[in-house]
Amino acid sequence: MAFERKPARPAAPRRRFTRRKGCRFCGDKTLKIDYKEVRNLRYFISERGKIVPRRISGNCATHQRQVTEAIKRARNIALLPFTSGHSFD
Amino acid sequence: MRTYETIFIVHPDVVGDQYAATVDKFKGILTEQGSEILKVDEWGTRKLAYQVKKQGRGTYVLVAYQAGPEVVAEFERRMRIDESIIKFQTIYLEKGLEVAPAPAASEAVAEEGAEAEESTEETE
């Protein structure tokens with residue numbers, strides 16, 4: 001059976017997103033992670049409301065954990081959505 | 001004594017005197033149990049990220065206070081009973097309440113405030 005194997009996909013560009021490397025909270029010590037400041041947390045959630053992983057956000061482990069905790073707290077008190085699928089109005 | 005921070009969302013239909021009475025009532029619940037209120041911040045009515053008790057809006061109130069754990073339990077019990085409170089969340093502030101610099105200050109002043117804040121933290 002002439003089952004041609006698809007040629008291996010040409011190497012995808014290594015970096016799809018160009019995001020700044022390094023933890024922004026380590027770089028700027030004045031930045032505070034607070035679950036009430038939703039505007040700062042928006043950067044770390046996707047359009048669907050998911051938390052952006054560390055490999056993309058570039059946060060260090062400590063700060064990613066703090067961000068995650070803050071987002072979850074904000075979700076609990078309806079400041080951030082759990083998902084974008086339940087829009088109302 | 002521990003420092004706690006409670007956010008509660010008041011039903012959007014509770015307005016005016018009724019709303020003021022509700023906030024006062026819950027402040028009273030805290031003080032009558034011997035806790036010290038550090039901060040009360042009324043954010044006003046804002047849109048919720050998702051519906052809570054079929055409401056799309058809610059009036060946020062933030063209260064920071066010093067109290068023991070049993071006060072929090074009683075406070076939350078009373079909030080569950082009151083139907084004008086649609087949601088609440090209590091957070092334990094390990095570092096205590098951080099004094100935020102004046103909101104309507106220019107950037108330079110805000111930076112100074114942040115520095116001052118840091119130094120006070122160190123001295124504590």
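Two strands pair if DSSP finds at least two bridges between them. The exercises below concern a predicted model.

**Exercise 1. Find which residue stands opposite V40(B), and state how many bridges join β2(B) to β3(B).**

Solution.
- Step 1: Take β3 of chain B, which covers residues 55–67.
- Step 2: Count the bridges: β2(B) and β3(B) are joined by 11 and run antiparallel. The cut-off for pairing is at least two bridges, so β2(B) and β3(B) pair.
- Step 3: Look across from V40(B); the residue opposite is V63(B), in β3(B).

**Exercise 2. Give the order of the strands in the open sheet of chain B and name the edge strands.**

Solution.
- Step 1: The sheet has four strands, and their order is β2-β3-β1-β4. Their pairing is antiparallel.
- Step 2: An edge strand here pairs on one side only; in chain B these are β2 (36–52) and β4 (85–93).
- Step 3: From one strand to the next, the twist averages 20 degrees.

Strands of a sheet pair through backbone hydrogen bonds, either parallel or antiparallel.

**Exercise 3. Work out what span α1(B) should have, and compare it with the distance between its end C-alpha atoms.**

Solution.
- Step 1: Locate the helix: α1 of chain B is made of residues 16–32 and lies across β1 (2–10), β2 and β3 of that chain. The angle between α1(B) and β2(B) is about 130 degrees.
- Step 2: α1(B) has 17 residues; at 1.5 Å a residue, the expected span is 24 Å. The expected span is 1.5 Å times one less than the number of residues.
- Step 3: The end C-alpha atoms of α1(B) are 24 Å apart, so the two values agree.
- Step 4: After the helix comes G34(B), with a positive phi near 80 degrees.

**Exercise 4. Decide whether A78(A) and K53(B) are buried or exposed.**

Solution.
- Step 1: Place A78(A) in the segment after α4 (61–76) of chain A. Its phi is positive, about 65 degrees, although A78(A) is not a glycine.
- Step 2: Within 10 Å of A78(A) there are 24 other C-beta atoms. The cut-off for buried is 20 or more, so A78(A) is buried.
- Step 3: Place K53(B) in the loop between β2 and β3 of chain B. K53(B) is not a glycine either, yet has a positive phi of about 50 degrees.
- Step 4: K53(B) has 12 C-beta neighbours inside 10 Å. Exposed requires 12 or fewer, so K53(B) counts as exposed.

Methods
Residues are numbered from 1 along each chain as its sequence is written. Chains are lettered from A and ligands numbered from 1 in the order in which they are written. This is a predicted model: local features need pLDDT of at least 70, side-chain atom pairs count only at pLDDT 80 or more; totals for chains, interfaces and linings use all residues. Helices (H or I, at least four residues) and strands (E, at least two) are DSSP runs, numbered from the N terminus. Axes are lines fitted to C-alpha atoms, for helices over the stretch in contact, and angles run from 0 to 180 degrees between N-to-C directions. Two residues are in contact if their C-beta atoms, placed from the backbone, lie within 7 Å.
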